[in-house]
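Reader: I'm a first-year student, and I'd like a close look at one part of this model. Please walk me through the salt bridges.

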Amino acid sequence: FTGNNSNTSYGYGLSLADVTGSTQGIDVTPGLRFRISPQWSVDLNGLYGYQKNANSQVEGVSPSFLYVANDVRFTEKSVDLIVSGRLGATPAGDIGIAMGTSYRTESLNALTVYVDGPTGSTIQNRHVTADFVELHVPLVGEDNSLPMVEALELSAALRRDKYSDFGSTTNPQLGLRWAPVQDVALRATYGRSFRAPTVFEVSLEAPSHQIIYNEEFVSPSGVGLVPILVENGGKSLTAERARTFDIGLEYKPSKIQGLSAALGYYDIRYQNRIITPPFDFNMLTQPAVFGSIVSPVANDAAAQAIV
């Protein structure tokens, strides 16, 4: 797809910009399945993704302005090999297993050119390998049902990822499905997850991507506006981790074909979550919340020294 954004103006306080640019992207996801036997198959899946964002913008108000040109390109390639089939059987049905491995590369190439100013270049590359296995075991089914146990199924999964720049991580997941009667089932899943910052997020770390620009925020008294200098650029990022739990109730009446209903609840607890917090233009009036990231500047000379 290709998109164009022509002559867009936006402004906040002392900032004003006219932007013209385009975005292009392509995603190709080929797949191949080979049936080894009636019970076993092999899947080979691939991905090629490419995104390009190019724009030019004029910032500021004449006669003082800054002309900026940006070119950002991101490429992702991956291949997955998965073997799945029947491991055995219980009185309730077949024991299913899927196992596989994957390899992924990510590449970011960004160039920013300032007329009468510095030129910034960012190149980030990463490769990730992963191994995973998932097991599904039916314990109770139609042929061996019990009172209040029409069906009982267990599932377990394990995944190990190894990043070229963030080390390794292993994360499990456990699942349970219980049907006390034919039309109603209760399911629950518990797992842990891991997400390394993307190459784009890593590229924004200071000092490799450190920018100072000016804004106007509401003054500490709550009356009027005061100029501030915003220092942009994140600290060195660590991996984001999460613990997830979900439980759900499923209803599928056998006498009404095509009707189903579900009610679910989930809880996700993050650790070292990676986000881009939004601006709060009233932050100077809330020192108890934002005081740790605000530093007073004594005078104009001190502000100029920072710039």
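Author: This is a predicted model. The structure holds 15 salt bridges. Let's take a few in turn.

Start with Arg-73. Its side chain meets that of Asp-71 in a salt bridge, at 2.8 Å from N to O. Arg-73 has a relative accessible area of 34%. That lies between the cut-offs of 20% and 50%, so Arg-73 counts as partly exposed.

Next come Glu-250 and Arg-177. They form a salt bridge, and their closest N and O atoms are 3.6 Å apart. This pair links distant parts of the chain. Glu-250 sits in strand E13, which covers residues 240–251. Arg-177 sits in strand E9, residues 167–181. The two partners are 73 residues apart. What of their exposure? Glu-250 is partly exposed, at 26% relative accessibility. Arg-177 is partly exposed too, at 29%.

Strand E13 also holds Glu-240. The side chain of Glu-240 meets that of Arg-195 in a salt bridge, 3.7 Å from N to O. Arg-195 belongs to strand E10, residues 184–195. Again the pair links distant parts of the chain, here 45 residues apart. Is Glu-240 buried or exposed? Its relative accessible area is 10%. Buried means under 20%, so Glu-240 is buried. Its partner Arg-195 is partly exposed, at 29%.

Finally, look at a network. Salt bridges that share partners join five residues there: Glu-76, Arg-104, Glu-106, Arg-126 and Asp-165.

Definitions and conventions:
Residues are numbered from 1 along each chain as its sequence is written. This is a predicted model: local features need pLDDT of at least 70, side-chain atom pairs count only at pLDDT 80 or more; totals for chains, interfaces and linings use all residues. Side-chain values use heavy atoms; hydrogens and water are left out. A salt bridge is a side-chain nitrogen of Lys or Arg within 4 Å of a carboxyl oxygen of Asp or Glu. Buried means under 20% relative accessible area, exposed over 50%, partly exposed in between (1.4 Å probe, protein chains only). Helices (H or I, at least four residues) and strands (E, at least two) are DSSP runs, numbered from the N terminus.
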